[in-house]
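I am opening a notebook on this structure. The entries below record what I looked up, in the order I looked.

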Amino acid sequence: MEPSLCNAIVEDSETGVRLCQSLSVIISINVTPEQNNLVVAHGRSIEGEYNLEELVGVYTDDAYPDRLALKFRSYKQNVVFLCSIHTHIQNILSFIHEYIALNDKDHIINNGYKLDMGSFSCLKHYALKFEYDILTNLVLENVRVRCLVGLENIPHLRSISLSGSELGKTRLEKDTFWTWMSLKNIGNSLIILLMDNVDLMVVPLEMQNLTKLETLSMAHNKLKCLPHYFGDLTALSRLFINNNSISYFPFVLQDTIFIDINIEDNLLRLPLPQYNEPPPNYREKPPLEKRAPEKLTYLALFSVLNNKVKFERKDINRPLWKYFNNISRCRRCNKWIVVHLKNAFYEIGFLSTVNYQCAAQYILWQYAECLYPCKQE
């Protein structure tokens with residue numbers, strides 16, 4: 001099977017005592033005539049290897065689709081896997097079911113052992129100081145995290161999970177929590193970021209620095225749009241934004257072929273027509289000689305983007321923060337512009353993806369054009 005990233009918890013099946021701290025691990029299963037085993041790896045080291053012939057219990061709960069528990073006879077252990085991306089849990093479960101079907105062991109599925117699936121969670125606190133330079137996966141789920149410090153000392157951090165956590169306590173902490181995304185080492189190494197159910201209303205503007213990001217999950221939040229700078233995240237191939245309020249995709253993602261994507265339970269629909277207004281694609285643009293001068297605020301932001309200036313949110317005024325989610329390039333002349341109601345246009349299209357998890361038949365692509373005639377016109 002293709003390895004899946006999960007959080008793993010191991011407990012004694014007789015006493016219920018946890019045998020080790022929860023770890024972010026890679027799970028792989030081999031179901032072949034030669035071997036039937038499950039391997040739990042953390043970074044480059046193997047934390048556990050379990051023979052599926054010793055499997056005596058498979059436990060799931062409809063109330064907790066993000067977790068799966070396995071009980072092994074010889075090891076006297078329960079191994080619980082948690083992951084906010086349900087496809088990873090289903091991936092593991094499908095191979096377990098394959099092994100069960102091939103060996104006629106249907107009786108071990110939920111066989112009466114009452115396992116409290118709701119009792120499992122990830123780390124209970126966040127240490128402010130890190131001393132390990134070999135840490136590759138950081139799991140902070142369902143906890144309160146006021147800020148992330150010390151990440152500059154972790155050169156090889158590949159994944160971070162913040163799902164279900166309370167990010168910041170005060171308004172200032174909530175606003176400046178995302179500063180860690182601007183760290184050079186994070187931008188060069190982070191490939192998986194999970195932020196499900198964290199009360200996210202706007203995509204953090206610092207995310208434009210995560211150019212190596214391959215998997216991004218922001219499900220069960222309050223997002224209304226994806227910023228146009230997502231076009232610069234060229235490595236992004238797995239996107240999970242189900243259960244938000246997103247109504248369109250930025251056109252810069254039209255050429256992206258996603259390996260896996262979930263956009264269910266959003267507001268992907270055509271905008272309501274304005275009967276006293278011509279269709280957007282046929283609006284007449286004012287003549288060039290009546291063009292108003294560009295705002296100095298906009299020019300400053302465009303200069304920052306063109307020169308790829310590294311900055312922290314605290315370095316710019318709060319009113320400017322919102323513009324980073326509303327900046328795009330004119331589709332005709334490629335000039336930076338701030339997108340608003342008058343210069344935003346839409347077209348119907350489809351996503352290019354291998355695994356398309358969406359009930360909608362089409363989505364809206366938003367693009368922008370200069371309000372006045374472009375220079376090339």
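**Entry 1: the whole chain**

What share of the contacts in the chain with a separation of 6 or more comes from residues 24 or more positions apart? I found 49%. I note here that the model is predicted. I looked up the size next: the chain has 377 residues, and 49% of them count as buried. The accessible surface comes to about 20000 Å², with 51% of that belonging to carbon and sulfur atoms. For secondary structure I noted five helices and 21 strands.

**Entry 2: strand β7 and its partners**

I turned to β7, which spans residues 77-82. How many of its six residues are buried? I counted six of six. I then checked the two faces of β7 separately. On one side I found Gln77, Val79 and Phe81, on the other Asn78, Val80 and Leu82, and all are buried.

I looked for the strands that pair with β7. Strand β1, residues 4-12, pairs with β7 in the antiparallel sense over six bridges. Strand β6, residues 67-72, also pairs with β7 in the antiparallel sense over six bridges. I followed Leu82 of β7 in both directions: it is the bridge partner of Asn7, and it is the bridge partner of Arg67 as well. The hairpin of β6 and β7 has four residues between the strands, and in it Lys76 takes a positive phi near 50°.

**Entry 3: the cores**

Which residues have the most contacts inside the largest nonpolar core? I listed Trp180, Leu193, Met195, Met207, Met218, Phe230 and Phe249, in a core of 45 residues. The elements that give two or more residues to this core are β16 (257-262) and β21 (363-368). I picked Met207 for a closer look. Leaving out residues up to four places away in sequence, Met207 touches Met181, Leu193, Met195, Leu216, Met218, Tyr229, Phe230 and Leu233.

Apart from the largest core I found another, of 32 residues, including Val58, Leu70, Phe81 and Ile192. Phe81 had already come up in Entry 2 as a buried residue of β7. I wrote down one general remark: in soluble globular proteins, nonpolar side chains tend to be buried together.

**Entry 4: a sheet of three strands**

In what order do the strands of the open three-strand sheet come? I read β15-β21-β19, with mixed pairing. β15 (249-250) and β19 stand at the edges, each with a single partner strand, so one side of each has no neighbour in the sheet. β19 and β21 run antiparallel and are joined by six bridges. As one position to look at, I noted Phe345, which stands opposite Tyr367 in β21.

**Entry 5: a nonpolar patch on the surface**

I searched the surface and found a nonpolar patch of about 320 Å², made by Ile348, Phe350 and Tyr362. Ile348 is in strand β19, residues 344-349. Is Ile348 buried, partly exposed or exposed? Ile348 is partly exposed because its relative accessible area is 48%, and the partly exposed class ends at 50%.

**Entry 6: two residues in loops and their distant neighbours**

I looked up His340 in the loop between β18 (336-338) and β19. His340 counts as partly exposed, at 36% relative accessibility. His340 and Ala368 are 28 residues apart in sequence, and their C-alpha atoms are 8.6 Å apart in space.

Cys333 is in the loop between β17 (327-329) and β18. Cys333 is also partly exposed, with a relative accessible area of 24%. Cys333 and Pro373 are 40 residues apart in sequence and 9.7 Å apart in space, C-alpha to C-alpha.

**Entry 7: positive phi outside glycine**

What is the phi of Asp104? I read a positive value of about 55°, although Asp104 is not a glycine. Asp104 sits in the loop between α1 (86-102) and β8 (137-139). With a relative accessible area of 63%, Asp104 is exposed.

His220 was my next case: its phi is positive too, near 55°, and it is a residue other than glycine. His220 lies in the loop between β13 (215-217) and β14 (238-240). His220 is partly exposed, at a relative accessible area of 40%.

Technical notes
Residues are numbered from 1 along each chain as its sequence is written. This is a predicted model: local features need pLDDT of at least 70, side-chain atom pairs count only at pLDDT 80 or more; totals for chains, interfaces and linings use all residues. Side-chain values use heavy atoms; hydrogens and water are left out. Patches are made of residues with over 30% relative accessible area and no salt bridge: like charges are joined within 9 Å, nonpolar side chains (Val, Leu, Ile, Met, Phe, Trp, Tyr) within 5 Å. Accessible areas come from the Shrake-Rupley method with a 1.4 Å probe; for residues, only the protein chains shown count as cover. A salt bridge is a side-chain nitrogen of Lys or Arg within 4 Å of a carboxyl oxygen of Asp or Glu. Buried means under 20% relative accessible area, exposed over 50%, partly exposed in between (1.4 Å probe, protein chains only). A nonpolar core is a set of buried Ala, Val, Leu, Ile, Met, Phe, Trp, Tyr and Cys residues joined through side-chain atoms within 4.5 Å. Contact means heavy atoms within 4.5 Å. Two strands pair if DSSP finds at least two bridges between them.
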